[in-house]
Amino acid sequence: MSYTKAALARLATESRREIGLSDSVPFDPHLWSKVFGVPFVSLQELAPTTTAVDHFLRDRPERWSAAIVKNGSGHLVVYNNAHAEVRVRSDLAHEVAHLVAEHVLNASWRNDHNCSGASKLQETEATELAGALLVPVSAARMHAVRGGSPDALALKYAVSLEMATWRMRVSGGEIIAQRSRARRA
Ligand SMILES: [Zn+2]
């Protein structure tokens, strides 16, 4: 199954509503975790089992973000808590996106540490859906139409400046704003 961008935007809005979040507040991955019963475990919490930490960090720890791990009949998400808060939120939203989109977690992927075992299509969908979870498409568009700055959007949704800039760019809002300025000129 694959999703259109519009379907992913709707899925993001539905997922936010399911945990009681409107489009005007930051996404809360930990709340999602609680509501859906998918535990999030940081590497720090795993620390007593050094082998587990070594396992996840063996390879370029600064780049390692998070992974979905099979947990009985369900899943859990292991994440690297050493990154900046906005990065952690983004990493967690990415894993939430895979789960919300019900991407098939095949054996090779479960053992992988950077989602690279998932198909390219699934990665693209998860990236788009995570972006829409973090900054709702309609909110990014409205902000851009009104000529808001990426910094203000980043602050409002607790995301990186890079994320806010990307969401505004793909929302189509800047084009709408340019056209309306051109009409007025
Ligand atoms: Zn992924």
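Which exposed residues sit on the face of H11 turned away from its buried side? Keep that in mind, everyone, while I introduce the helix. A quick word first: this is a predicted model.

H11 runs over residues 173-184, so to speak our starting point. Its 12 residues reach 17 Å from the first C-alpha to the last, close to the 16 Å expected at 1.5 Å a residue. Gly173, Ala177 and Ser180 are buried in this helix. Those three cover an arc of only 70° around the axis, which puts them on the same side of H11. And what do the buried residues of H11 pack against? Their partners are helix H8 (137-145) and helix H10 (161-171). Now back to my opening question: the face turned away from that buried side carries Arg179 and Ala182, both exposed.

Let's move on to the largest nonpolar core. It has 42 residues, and the ones touching the most other members are Phe27, Trp32, Phe40, Leu129 and Val159. Several elements each supply at least two residues, among them helix H1 (5-18), strand E2 (66-71), H8 and H10. Helix H5 (85-100) gives the most, with seven residues. Where does this core lie with respect to the two domains? Domain 1 (5-134) and domain 2 (135-185) both contribute residues, so the core lies between them.

Have a look at Trp32 on the screen, too. Setting aside neighbours within four places in sequence, Trp32 is in contact with Ile19, Phe27, Val38, Phe40, Val96, Leu99 and Val100.

Finally, there is a second, separate core of seven residues, including Val41, Leu46, Ala67 and Val78. Thanks for listening!

Technical notes:
Residues numbered from 1 in each chain as written. Predicted model: local features only at pLDDT ≥ 70, side-chain atom pairs only at ≥ 80, totals over all residues. Heavy atoms only, no water. Helix = DSSP H or I, 4+ residues; strand = E, 2+ residues; numbered from the N terminus. Expected span 1.5 Å × (residues − 1). Buried < 20%, exposed > 50% of the residue type's maximum accessible area, 1.4 Å probe, protein only. Arc of directions from axis to C-beta. Contact = heavy atoms within 4.5 Å. Core = buried A, V, L, I, M, F, W, Y, C linked by side-chain atoms within 4.5 Å. Domains from an automatic or database assignment.
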